[in-house]
Amino acid sequence: MEKEYERIKALFKDVDEKQLQLVDGAIIEAARIRAELDRLHEIAKVTGLIKVDPNNPTRQKVLPVSKELPKLRASYTNIIFKLARILGAGINEEDLGLDDYI
């Protein structure tokens, strides 16, 4: 999480220090969510998102990770876009690190 916090904060190195202090909590929360997304993504790689009965493929069970990933992605995206708007209009979408989650 610390590495992600530093990555996000570095994107806004030219922003006024008071603004940065004001939104530091949002940066921390974005880093937490990103770390959780990474962890859940690793779980999903192992378990998949849906369990399928090998004897009857029409019987399927949605795994909890498949429900949590979209919620966390939405939260992360929301915070990151708000930070980008607050801290710097000149930030490109590709700099935000969302490519892994879209």
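## A helical protein and its nonpolar core

Of the 102 residues in this protein, 32% count as buried. The model is predicted. It contains four helices and two strands. Along the sequence these elements follow the pattern α-α-α-β-β-α. Among contacts in the protein with a separation of 6 or more, 60% are between residues 24 or more positions apart.

### The core

In soluble globular proteins, nonpolar side chains tend to be buried together. Here the largest nonpolar core has 21 residues. Which residues have the most contacts inside this core? They are Ile8, Ile27, Ala30, Tyr76 and Leu83. Three helices each supply at least two residues of the core: α1 (2-11), α3 (24-47) and α4 (64-87).

Take isoleucine 8. Leaving aside neighbours within four places in sequence, Ile8 is in contact with Ile27, Ala30 and Ala31. Beyond that same sequence limit, Ile8 also contacts Tyr76, Ile80 and Leu83.

### How α1 meets α3

Two packed helices are described by the angle between their axes and the distance between the axes. The axes of α1 and α3 come within 8 Å. They cross at roughly 130°. Why are the two helices called oblique? An angle over 145 degrees would count as roughly antiparallel, and 65 to 115 as roughly perpendicular. The crossing of α1 and α3 at roughly 130° fits neither range, so the helices are oblique to each other. α1 passes α3 in a right-handed crossing.

Which residues make the contact? From α1 come Glu4, Tyr5, Arg7, Ile8 and Lys9. From α3 come Asp24, Ile27, Ile28, Ala30, Ala31 and Arg34. By class, this contact of α1 with α3 has six nonpolar, no polar and five charged residues. Ile8, Ile27 and Ala30 take part in this contact, and these three are also among the residues with the most contacts inside the largest core.

### Three residues of α4

Leucine 69, proline 64 and serine 75 all lie in helix α4. The table pairs each with a residue elsewhere in the chain.

| Residue in α4 | Partner | Separation along the chain | C-alpha to C-alpha distance |
|---|---|---|---|
| Leucine 69 | Leucine 37 | 32 residues | 6.7 Å |
| Proline 64 | Isoleucine 50 | 14 residues | 8.9 Å |
| Serine 75 | Isoleucine 33 | 42 residues | 7.7 Å |

Is leucine 69 buried or exposed? Its relative accessibility is 4%, so leucine 69 counts as buried. The cut-off for buried is under 20%. Leaving aside neighbours within four places in sequence, leucine 69 is in contact with Leu37, Leu40, His41, Ala44 and Leu49. Leu37 is thus a contact of leucine 69 as well as its partner in the table.

Proline 64 has 60% relative accessibility, so this residue counts as exposed. The cut-off for exposed is over 50%.

Serine 75 has a relative accessible area of 33%, which means that it is partly exposed. That value is between the two cut-offs.

In short, helix α4 holds buried leucine 69, exposed proline 64 and partly exposed serine 75.

Note on methods
Residues are numbered from 1 along each chain as its sequence is written. This is a predicted model: local features need pLDDT of at least 70, side-chain atom pairs count only at pLDDT 80 or more; totals for chains, interfaces and linings use all residues. Side-chain values use heavy atoms; hydrogens and water are left out. A nonpolar core is a set of buried Ala, Val, Leu, Ile, Met, Phe, Trp, Tyr and Cys residues joined through side-chain atoms within 4.5 Å. Buried means under 20% relative accessible area, exposed over 50%, partly exposed in between (1.4 Å probe, protein chains only). Contact means heavy atoms within 4.5 Å. Axes are lines fitted to C-alpha atoms, for helices over the stretch in contact, and angles run from 0 to 180 degrees between N-to-C directions. Angles under 35 degrees count as roughly parallel, over 145 as roughly antiparallel, 65 to 115 as roughly perpendicular and the rest as oblique. A crossing is left-handed if the near helix is turned anticlockwise from the far one by less than a right angle, and right-handed if clockwise. Ala, Val, Leu, Ile, Met, Phe, Trp, Tyr, Cys and Pro count as nonpolar, Asp, Glu, Lys and Arg as charged, and the others, Gly among them, as polar.
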